[in-house]
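Hi,

Here's the structure I said I'd pass along. Have a look at it first, and then read on for what turned up.

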Amino acid sequence: MLKTKEHYDLIAAFEQEKTSPQTRRFDKEEKSLWVRGIIYQHGPTNELFLVYRMGYAYGKVAATA
């Protein structure tokens, strides 16, 4: 899913969510680090995105079950 339109759409949706000011740092790491789960340079923002992505994946699976 990395580097696909679906992933970029998920990133855009995540960044549009209302989040606290502490998690509004959206500077990204190099794409070579994305495979290791490091998308954002800001650790708390990255952790929130990983949880957001897991919820999205769960929702996709649950919808097909």
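Below is a quick run through the whole chain, then the aromatic side chains, then two residues in helix α1.

One caveat before anything else: this is a predicted model, so please read everything here in that light.

**The chain as a whole**

The secondary structure is simple to describe, with two helices and zero strands. The radius of gyration comes out at 12 Å, close to the 11 Å that the globule rule gives for 65 residues, so the chain is as compact as a globular protein of that length. If you want box dimensions, the C-alpha trace spans about 35 × 30 × 15 Å along its principal axes.

As for what's covered up, 23% of the 65 residues count as buried. The accessible surface is about 4,500 Å², and carbon and sulfur atoms account for 58% of that. On the contact side, take the pairs at least 6 apart in sequence: 45% of those contacts join residues at least 24 apart.

For your electrostatics set-up, there are 10 positive and 8 negative side chains. The centres of those two sets lie 2 Å apart.

**Aromatics**

How many aromatic pairs does a search of the whole structure find? It finds seven. There's also an aromatic cluster, made up of Phe-14, Phe-26, Tyr-40, Phe-49 and Tyr-52. Keep those names in mind, since some of them come back below.

**His-7**

His-7 sits in helix α1, which runs over residues 5–16. Is it buried or exposed? His-7 has a relative accessible area of 0%, and the cut-off for buried is under 20%, so His-7 counts as buried. Setting aside neighbours within four places in sequence, His-7 is in contact with Met-1, Leu-2, Trp-34, Ile-39, Phe-49 and Arg-53. One of these, Phe-49, belongs to the aromatic cluster.

**Glu-15**

Glu-15 is also found in helix α1. Its relative accessibility is 25%, so Glu-15 counts as partly exposed. Which residues does Glu-15 touch, leaving aside its neighbours within four places in sequence? They are Phe-26, Lys-28 and Tyr-40, and Phe-26 and Tyr-40 are both members of the aromatic cluster.

There's a distance to check in your viewer, too: the C-alpha atoms of Glu-15 and Thr-45 are separated by 9.7 Å, with the two residues 30 apart along the chain.

That's the lot from me. Shout if anything looks odd at your end.

Cheers

How values were computed
Residues numbered from 1 in each chain as written. Predicted model: local features only at pLDDT ≥ 70, side-chain atom pairs only at ≥ 80, totals over all residues. Heavy atoms only, no water. Helix = DSSP H or I, 4+ residues; strand = E, 2+ residues; numbered from the N terminus. Buried < 20%, exposed > 50% of the residue type's maximum accessible area, 1.4 Å probe, protein only. Contact = heavy atoms within 4.5 Å. Phe/Tyr/Trp six-rings, centres within 6.5 Å; stacked < 30°, edge-to-face > 60°. Rg over C-alpha atoms; globule rule 2.2 N^0.38 Å. Areas by Shrake-Rupley, 256 points an atom, 1.4 Å probe, with all protein chains shown as cover. Lys, Arg positive; Asp, Glu negative; His and termini not counted. Charge placed at Lys NZ, Arg CZ, Asp CG, Glu CD.
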